[in-house]
Structures are given as C-alpha cells and as structure tokens.
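Open the model in your viewer, switch to a cartoon view, and keep the selection tool at hand. We will go from stop to stop, picking out residues as we go.

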Amino acid sequence: MVSQTIDVLKNELPLEQELVVLPEDVVTGLVLVDIINGFCTVGAGNLAPREPNRQISGTISESVRLARLFCDKKLPVMAFLDSHHPDKPEDPYPPHCIQGTDESNLVPALQWIQNETNVTIRRKDCYDGYLGSMEADGSNVFADWVKNNHIEAILVVGVCTDICVLDFVCSTLSVRNRGFLAPLKDVIVYSRACATFDVPLHIATNTKGALPHPQELMHHIGLYMAKERGAKIANEVLFGALK
C-alpha cells in the first residue's frame, strides 16, 4: 500500500533533480545537519533507528565523502548537532539528544572533522539550524559563517530531510531573499546524502502518541518542499567544470 502511495505521489508531485557542479572559483560551504548518534546510530536513543537503515547509511557515507573533499580543499564546513536541555522537551518527540550524552555527538565516521580548522561545530536546541544559531546579543553564528567566509553557495546534507534539513533550508532561503545573507546565492540540497526516519502505519497505530512517518514518502515530500521554496535539489555533486 505504501509503495503504491509513493508511486502516486511521485506522479502527482514529480521532483526534478539535477547534476550540480561546484565551480572552483566560487566559495561553497558544506552544511551537515544532525548526522549524530541519536538520529543515525542503531539503538542509540529514542529517535535512533532500531535496525540498520539503507537511507541513513547512505547519508553517512556520502556525508563523510563530501566532508573529506571539502576539508582537503580547505572549504568551510558547518555541522549542526541537535543538543537539548533535559528540562526543555521538544514536543511531540520523546526526549532525545540530551546535552552531554553521546546521542548528541557526531556519528563515529564523522568525529574526525572536529579537529579540522575549516570546520565550525554548532550545537542547537531546536529543529532549525538557522534559529539555533541565534545568540543572546542578536548575532547569528551561521550568518556570520557565511559572511566571514564569503560563501556564495551552500551544499546541505543530513537528517531529517523533512524536518531539520527542511526547516533550516526554508529559513535560510527566506533570510537570503530578504538580502540579509550576502553573498549567499544558491542553496543546494543533495538528496543522496539526506535521510529521514521510518515509522510504518502499523507501528504508529500501536504506539501511543506516534504518527505514521513512512520514510521514502516523507523523504520525497521534504525534498519537494525544499525545491518549492527555491532550493536546488541535486542527485549528483561534482567539483570543477563540466567536461
């Protein structure tokens, strides 16, 4: 039933993806959204996968590959890490990624980036990395990162496609459109390095407070809505000029 629904949805909401070439003469920043144990490592917490998941595993592999490319080129990288105060729940979700726990840390395959000089780590306590970058004095760590590094394009990857990735992309596009994120021009979401979680209908029906969240369906919707807001959706990313 779910596969039939996905087919109908993709026919009604076709998502055109593209090969994106990142020019060598333009500063592109890589944004890693919540590629942390609490969302990606099997059994790591309330919102972690219960068993190995191909979409999540693919996201980790592609994100590691891109992070190495960006670090080798000394291009700016920002990693958002979901980190919540135990006394401030994020309804409707159960407690997750509490500050000071391993849930809120990068997955093992990405922990090396913490020692790279071109990487900025930002712990956030909300879905949206842009809002989570706000400081008490009104400044914004992400906006400063864009401006200080003269970033003209960002490549966004991570978890969850339809929640934290989408919320960050939408806020960033809105701020860009208002002229507050110069010199940023392009926001690119790389579909093969994004993932969301899977809660089938039969599981949700028997779990108090749970909502159905079919993975492939919600992944498609998240990407579609990001494109609808003005993001480019890439299914392949290269550096340099097209041959």
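Start with strand E2 and show its side chains: Thr-28, Leu-30 and Leu-32 point one way, Gly-29, Val-31 and Val-33 point the other way, and all are buried. In a regular strand the side chains alternate between the two faces of the sheet. As a whole E2 is mostly covered, with 6 of its 6 residues buried. Bear in mind as you look around that this is a predicted model.

**The neighbours of E2**

Next, add residues 153-159, which are strand E5; it runs parallel to E2 (residues 28-33), and 6 bridges join the two. Two places to click are Thr-28, which stands opposite Ala-153 in E5, and Leu-32, which stands opposite Val-157. Now bring in E3, which pairs with E2 in the parallel sense over 4 bridges. Which residue of E3 is the bridge partner of Val-31? Select Met-78 to see the answer.

**The whole sheet**

Zoom out and colour the strands. There are 7 of them in an open sheet with parallel pairing, and the order to trace is E1-E7-E6-E5-E2-E3-E4. Why do E1 and E4 each have one side without a neighbour in the sheet? Strand E1 (18-22) and strand E4 (119-124) stand at the edges and have a single partner strand each, so one side of each is left free of a neighbour there. Turn the view to follow the twist, which averages 35° from one strand to the next.

**Helices on the sheet**

Select residues 141-148 for helix H4, which packs on the sheet and touches E2, E3 (77-82), E4 and E5. The direction of H4 makes about 170° with that of E3. Then select residues 161-177 for helix H5, which also packs on the sheet, touching E2, E3, E4, E5 and strand E6 (186-195). The direction of H5 makes about 160° with that of E5.

**Aromatic rings**

A search of the whole structure finds 7 aromatic pairs. One to show as sticks is Phe-142 with Trp-145, a tilted pair at 5.8 Å centre to centre with 35° between the planes. Both residues lie in helix H4, 3 residues apart, about one turn of the helix. Are these two rings' residues buried or exposed? Phe-142 is buried, because its relative accessible area is 0%, and Trp-145 is buried too, with 5%. Widen the selection to Phe-80, Tyr-130, Phe-142, Trp-145 and Phe-168, which form one aromatic cluster.

**Charges over rings**

Click on Trp-112 and look for Arg-68, which lies over the face of that ring at 4.2 Å from its centre. Then go to Phe-239, where the charged end of Lys-73 sits over the ring, 4.8 Å from the centre.

**Helix H7**

Select residues 215-229: this is helix H7, with 15 residues, reaching 21 Å from its first C-alpha to its last. Its buried residues include Leu-217, Met-218, His-219, His-220 and Leu-223. Just after H7 comes Gly-230, whose phi is positive, near 125°.

**Last stop: Ile-98**

Finally, find Ile-98 in the loop between E3 and E4. Ile-98 counts as partly exposed because its relative accessibility is 21%. Leaving aside neighbours within four places in sequence, Ile-98 is in contact with His-84, Pro-86 and Ser-104. To finish, draw a distance from the C-alpha of Ile-98 to that of Thr-205, 107 residues apart along the chain: the separation is 27 Å.

Note on methods. Residues are numbered from 1 along each chain as its sequence is written. This is a predicted model: local features need pLDDT of at least 70, side-chain atom pairs count only at pLDDT 80 or more; totals for chains, interfaces and linings use all residues. Side-chain values use heavy atoms; hydrogens and water are left out. Two strands pair if DSSP finds at least two bridges between them. Axes are lines fitted to C-alpha atoms, for helices over the stretch in contact, and angles run from 0 to 180 degrees between N-to-C directions. Contact means heavy atoms within 4.5 Å. The expected span of a helix is 1.5 Å times one less than its number of residues. Buried means under 20% relative accessible area, exposed over 50%, partly exposed in between (1.4 Å probe, protein chains only). Rings of Phe, Tyr and Trp (its six-membered ring) pair if their centres lie within 6.5 Å; planes under 30 degrees apart count as stacked, over 60 as edge-to-face and the rest as tilted. A charge sits over a ring if NZ of Lys or CZ of Arg is within 6 Å of the ring centre and within 35 degrees of the ring normal.
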